[in-house]
Structures are given as structure tokens and as C-alpha cells.
Amino acid sequence: MALNFANNNSLSAITSLPASISGGGMTLISTQTASSSSTISFTSGIDSTYDEYVFKLYNIHPSSDSDVQLQFNGSVDTGSNYNVTKTTTHFSAYHYESDAYTGLGYNTAYDLAQSTAFQVISTNIGGDNDQCGSGYIHLFNPSSTTFVKHFISNVSFVQSDNVARIDCVAGYFNTQSVLDSIQFKFSSGNIDSGVIKLYGIS
């Protein structure tokens, strides 16, 4: 007999959940694929539909091999300006392929204090054919007109000198305005290739 309620039975036997239990999940809103792109901008799909949004970054590859930084910023005017004030933290861990060096530390060069500058989420991504970065950004309650807009970012990547590194960034957009757009770019050069997907979290 098929089960349509949740109890101590095997999960594989449950065919549906009671109306009082939400299944939750991620809804894909949009996908953008870089091809020698100067920027990647999401100017729609970020609204009051969800309280949390996730950007997933896949194999982001720079056109330059000069230790460029992947950055992002927000907009409150549908992408006319990417200059929202932010206060953030930034720390990293790294490990050389040669096993010669490892490290963990806070990066004062890349945090922001009430700045409208783009936030670095990945430092020194290498441009060799096999080098890239992948990760995610969680953005919380961007449509609030009461509170600041928090975010958390983790990006794993290969530096140009063959180092495995993860950059962990967190902070907030210090605005009570609705945050409706997000833009990604490198500190110099283009985004040669890669995919960024935007999801809504229910």
C-alpha cells in the first residue's frame, strides 16, 4: 500500500507530503554563459518572490593570466548603476600544488568598509587553459525595505602560480532600498568563459 503521510516508515515509500509540510527547494530563474564578456549582469528575477537567492558560478575563466580578481556589486535601479554601499569581511585558505606552502588568513586588502566599490570574491584566478574558479553567493531578502541585505560567498579557484585557494566573503549591502540587480566582472580583462546560474530558494 502506498503511503501518503510522513512517519517512521522508509522515505522511499512516501509518495506525497502532507499539505502542512513544505518540500522547499531551488528554482532556476536564469542562466548566463560568458563568452569574452566584459560583465555578466542579472537585471531581472531578483524581487520579492523569494527571501533568498543563490548565484552558482561554474568554471569562471578569465581572459588574462595576470592574477585578476573576480568581483561583484549590486544595484537598486535595475542595473543603471552598480554602486551600493557595502561593509564586508574577506578571508582565504590556500595550498600550493608543490606542497611547499599552506595558509589561512584574513585579507584586509579585499574587505570593504562603507564602500561603493565592487567586492572581490575571488583573488588572482589564473588564466591557463585548465584554470578557473567555481563557487556560490547567497543573497538574503533583497526586497526588504527595512533591513540591510546580507550575503555570503565562497569561491574555490586555481591561482596563476598553481595554488588551490578558497576565498570566503560575507557582509551586507547597507541600503534599505530594494536590491534588484547584480553584476559580475573581472578587475581587468573579460570573462572568457563560464556559467552563472541564478536560483530562488523556497
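Contact here means heavy atoms within 4.5 Å. By that criterion, residues 24 or more positions apart account for 74% of the contacts in the protein with a separation of 6 or more. The model is a predicted one.

The protein contains 12 strands and 0 helices. Read along the sequence, its pattern is β-β-β-β-β-β-β-β-β-β-β-β. The chain has 202 residues, and buried residues make up 40% of them. About 10000 Å² of the protein is exposed. Carbon and sulfur atoms supply 49% of that area.

Contacts between distant parts of the sequence can be followed at single residues. Alanine 34 lies in strand S1, which covers residues 26-37. Its relative accessibility is 6%, so alanine 34 counts as buried. Alanine 34 and isoleucine 191 are 157 residues apart in sequence. In space, their C-alpha atoms are 6.1 Å apart. Residues up to four places away in sequence aside, alanine 34 touches Ile40, Ile191, Asp192, Ser193 and Gly194.

The loop between strand S8 (133-140) and strand S9 (149-158) holds threonine 145. Proline 142 and asparagine 141 also have their place between S8 and S9. Proline 142 has a relative accessibility of 0% and therefore counts as buried. Along the chain, proline 142 and aspartate 47 are 95 residues apart. Their C-alpha atoms are separated by 7.0 Å. Neighbours within four places in sequence are again left aside for the contacts of proline 142. On the earlier side of the sequence, proline 142 is in contact with residues including Ile46, Asp47, Tyr50, Asp51 and Tyr53. Its contacts also include Lys149, Ser177, Val178 and Leu179.

Threonine 145 has a relative accessibility of 57%, so this residue counts as exposed. The cut-off for that class is over 50%. Threonine 145 touches Gln176 and Val178, not counting residues up to four places away in sequence. Threonine 145 is 34 residues from leucine 179 in sequence. The distance between the two C-alpha atoms is 9.3 Å. Val178 thus appears among the contacts of threonine 145 and among those of proline 142, because heavy atoms within 4.5 Å count as a contact.

Asparagine 141 shows a backbone feature. Most residues other than glycine have a negative phi. Phi of asparagine 141 is near 50°, a positive value. Asparagine 141 counts as partly exposed because its relative accessibility is 31%. Asparagine 162 also has a positive phi, near 65°. Its place is in the loop between S9 and strand S10 (163-173). At 33% relative accessibility, asparagine 162 counts as partly exposed.

Charged side chains were examined next. Side chains of opposite charge can pair when their charged atoms come close. The structure holds 1 salt bridge. Aspartate 167 and arginine 165 form a salt bridge through their side chains, with an N to O distance of 2.9 Å. Aspartate 167 counts as buried because its relative accessibility is 0%. Arginine 165 has a relative accessibility of 12% and so counts as buried. The cut-off for buried is under 20%.

The surface carries a negative patch. Its members are Asp65, Asp67, Glu97, Asp128, Asp130 and Asp161. One of them, aspartate 65, is in the loop between strand S3 (52-62) and strand S4 (68-75). Aspartate 65 has a relative accessibility of 38%, so it counts as partly exposed.

A nonpolar patch is also present on the surface. Phe91, Leu104 and Tyr106 form this patch. Together, the three have about 350 Å² of accessible area. Leucine 104 is found in strand S6, residues 102-106. Its relative accessibility is 69%, and leucine 104 therefore counts as exposed.

Key
Residues are numbered from 1 along each chain as its sequence is written. This is a predicted model: local features need pLDDT of at least 70, side-chain atom pairs count only at pLDDT 80 or more; totals for chains, interfaces and linings use all residues. Side-chain values use heavy atoms; hydrogens and water are left out. Patches are made of residues with over 30% relative accessible area and no salt bridge: like charges are joined within 9 Å, nonpolar side chains (Val, Leu, Ile, Met, Phe, Trp, Tyr) within 5 Å. Accessible areas come from the Shrake-Rupley method with a 1.4 Å probe; for residues, only the protein chains shown count as cover. A salt bridge is a side-chain nitrogen of Lys or Arg within 4 Å of a carboxyl oxygen of Asp or Glu. Lys and Arg count as positive and Asp and Glu as negative; His and the chain ends are not counted. The place of a charge is taken as NZ of Lys, CZ of Arg, CG of Asp or CD of Glu. Helices (H or I, at least four residues) and strands (E, at least two) are DSSP runs, numbered from the N terminus. Buried means under 20% relative accessible area, exposed over 50%, partly exposed in between (1.4 Å probe, protein chains only).
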